[in-house]
Amino acid sequence: MAAKPDAGAAPLDEGSCRRHLIPMIAALALPTLVLFALAVAVARGVEALVPETPAGLALQAALSAVALTLLSAAAFAGLYAAGDAPLSTLLGADPRGGVMHFLGLGLKSALIWAPPMLLVVVTAPRRWRHGRW
């Protein structure tokens with residue numbers, strides 16, 4: 001049996017869909033692009049600090065992942081704060097729990113920043129000047 005449309009609901013016209021769709025896509029695309037760019041910038045920055053060896057690649061991946069997790073967590077805390085949430089609300093009764101919440105959000109954002117970061121790390125040997133793979 002087919003569901004009946006709600007008689008009280010207004011039909012969605014094309015203008016209404018467009019008015020809601022563009023801000024929604026922008027709200028998703030902009031943070032994603034920022035995380036992509038941040039992943040590339042952090043991984044390239046760490047690349048300059050580590051030795052040109054296979055162990056250096058592993059160190060680059062680990063340091064980049066830690067840095068991106070912390071930066072993402074800080075970005076989420078900043079977004080919460082920008083939404084007029086006071087610091088006491090952000091951290092809650094147990095500040096350690098609030099910090100863990102934001103670190104968890106930073107780790108979850110790895111779904112976005114990990115692929116470009118890993119691409120930078122695995123292509124690092126192409127940019128080596130002294131070391132050889």
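Among the contacts in the protein with a separation of 6 or more, 74% are accounted for by residues 24 or more positions apart. The model from which this value was computed is predicted. The secondary structure comprises five helices and zero strands, and the order of elements from the N terminus on is α-α-α-α-α.

Burial and surface were computed for the protein as a whole. Of its 133 residues, 24% count as buried. The exposed area of the protein is about 9400 Å², and 72% of this area is supplied by carbon and sulfur atoms.

One helix pair was examined in detail. Helix α2 spans residues 54-82 and helix α5 spans residues 110-122. The two helices pack with their axes 10 Å apart, at an angle of about 150°. Because angles over 145 degrees count as roughly antiparallel, α2 is roughly antiparallel to α5. The crossing of the two helices, α2 and α5, is right-handed.

The contact between these helices involves residues from both. On the side of α2, the participants are Leu57, Gln60, Ala61, Ser64, Ala65, Leu68, Thr69 and Ser72. In α5, the residues that they meet are Trp113, Met117, Val120 and Val121. By residue class, the contact of α2 with α5 consists of eight nonpolar and four polar residues, with no charged residues. Leu57, Ala61, Ala65 and Leu68 in α2 are among the nonpolar residues, as are Trp113, Met117, Val120 and Val121 in α5. The polar residues include Gln60 and Thr69 of α2.

Terms used. Residues numbered from 1 in each chain as written. Predicted model: local features only at pLDDT ≥ 70, side-chain atom pairs only at ≥ 80, totals over all residues. Heavy atoms only, no water. Axes fitted to C-alpha atoms, helices over the stretch in contact; angles between N-to-C directions. Helix = DSSP H or I, 4+ residues; strand = E, 2+ residues; numbered from the N terminus. Parallel < 35°, antiparallel > 145°, perpendicular 65-115°, else oblique. Left-handed = near helix turned anticlockwise from the far one by under 90°. Contact = heavy atoms within 4.5 Å. Buried < 20%, exposed > 50% of the residue type's maximum accessible area, 1.4 Å probe, protein only. Areas by Shrake-Rupley, 256 points an atom, 1.4 Å probe, with all protein chains shown as cover.
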